[in-house]
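Ready for a bit of practice? Take a look at the structure, then work through the exercises below and check yourself against the solutions.

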Amino acid sequence: MLTRLAIVDLTNNDILLPVSFLEDFRKNNSQKVAMVYSNQSKTIHFFSLRNGTDWILKIQIEFFPPIRSSNVTKLLEILKERFDRIVFSTGICNYEDDCLWEGYATNHLLPDLEVVKQELSEVPELKKIELNIQEA
């Protein structure tokens with residue numbers, strides 16, 4: 001089974017996840033779950049955090065449009081090199097006059113964020129880079 005569906009009534013102000021969903025997370029020996037709400041797609045994504053993971057990095061990048069695919073490839077190579085896992089990515093979205101990308105990353109050890117930011121800033125067409133640690 002690749003997916004599961006649960007329908008909840010938002011008028012109750014309480015959303016309860018089915019026990020079967022929670023059991024799947026526990027099977028992965030995970031005590032914590034990251035939740036990401038996507039404004040654009042109106043979806044909520046849940047990600048099991050490995051035991052010992054105590055942070056997630058939120059990465060926000062603004063591009064000057066149009067974006068060349070070679071620069072997207074450079075961006076992804078840097079992220080892949082610096083982080084064990086990208087748990088969520090919005091993909092590149094047009095927003096007003098800019099292009100945006102957001103993602104969340106985890107790693108066994110927290111890399112030097114100034115080094116990561118410097119490497120990312122060397123990719124052409126990147127306009128703004130924000131890296132924010134979220135405690136788990």
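**Exercise 1.** Is N107 buried or exposed? Work out where N107 sits and what its side chain does.

*Solution.* Keep in mind that this is a predicted model.
- Step 1: N107 has a relative accessible area of 14%. The cut-off for buried is under 20%, so N107 counts as buried.
- Step 2: Now place N107 in the chain. You'll find N107 in the loop between β6 and α3.
- Step 3: Follow the side chain of N107. One of its polar atoms lies 2.9 Å from the backbone nitrogen of D84. The side chain also reaches the backbone oxygen of L109, again at 2.9 Å.
- Step 4: List the contacts of N107, skipping neighbours within four places in sequence. You should get W55, R82, F83 and D84.

**Exercise 2.** Which residues touch the most other members of the largest nonpolar core? Find out where this core gets its residues from, too.

*Solution.*
- Step 1: The largest nonpolar core has 18 residues, and I59, I61, F83 and L120 touch the most other members.
- Step 2: Look at the elements that give two or more residues to this core: β3 (55-63), α2 (69-82), β6, α3 (113-121) and β7 (126-135). The largest share, five residues, is from β3.
- Step 3: Zoom in on F83. Not counting residues up to four places away in sequence, F83 touches W55, L57, I59, A105, T106, N107, P111 and V116. There's N107 from Exercise 1 again.
- Step 4: Don't stop at one core. Another core of eight residues lies apart from the largest one, and its members include A34, F47, L49 and V87.

**Exercise 3.** What is the space in the second largest pocket, and which residues are closest to its centre?

*Solution.*
- Step 1: Start with the volume: the second largest pocket holds about 340 Å³ of space.
- Step 2: Its lining has 15 residues, and S38, N39, Q40, T90 and E102 are the closest to the centre.
- Step 3: Trace the lining back to the strands. At least two lining residues come from each of β1 (32-38), β5 (93-95) and β6 (98-106). With four residues, β6 has the largest share.
- Step 4: Sort the lining by character, and you get eight nonpolar, five polar and two charged residues.

**Exercise 4.** Where do N51 and E125 lie, and what is there to notice about each of them?

*Solution.*
- Step 1: N51 is in the loop between β2 (43-49) and β3.
- Step 2: Compare chain and space. N51 and S30 are 21 residues apart along the chain, yet their C-alpha atoms are separated by 5.6 Å.
- Step 3: Leave aside neighbours within four places in sequence, and N51 is in contact with N29, S30 and Q31.
- Step 4: Over to E125, which lies in the loop between α3 and β7. E125 isn't a glycine, but it has a positive phi of about 80°.
- Step 5: E125 has a relative accessible area of 15%. That is under the 20% cut-off, so E125 is buried.

**Exercise 5.** How many helices and strands does the protein chain have, and in what order do the elements run?

*Solution.*
- Step 1: Count them up: three helices and seven strands.
- Step 2: Read from the N terminus on, and the order is α-β-β-β-α-β-β-β-α-β.
- Step 3: Finish with the whole chain. Of its 136 residues, 32% are buried. The C-alpha atoms fill a box of roughly 45 × 35 × 25 Å along the principal axes.

Methods: Residues are numbered from 1 along each chain as its sequence is written. This is a predicted model: local features need pLDDT of at least 70, side-chain atom pairs count only at pLDDT 80 or more; totals for chains, interfaces and linings use all residues. Side-chain values use heavy atoms; hydrogens and water are left out. On a 1 Å grid over the protein atoms alone, a cavity is a set of points where a 1.4 Å probe fits but cannot get out, and a pocket is an open set with protein on both sides within 12 Å along at least five of seven lines; lining residues have an atom within 4 Å of a point. Grid points are joined across faces, edges and corners, and a volume is the space filled by probe spheres set on the points. Ala, Val, Leu, Ile, Met, Phe, Trp, Tyr, Cys and Pro count as nonpolar, Asp, Glu, Lys and Arg as charged, and the others, Gly among them, as polar. A nonpolar core is a set of buried Ala, Val, Leu, Ile, Met, Phe, Trp, Tyr and Cys residues joined through side-chain atoms within 4.5 Å. Buried means under 20% relative accessible area, exposed over 50%, partly exposed in between (1.4 Å probe, protein chains only). Contact means heavy atoms within 4.5 Å. A polar contact is a pair of N or O atoms within 3.5 Å; within protein, one must be able to donate a hydrogen and the other to accept it, and residues adjacent in sequence count only if both atoms are side-chain atoms.
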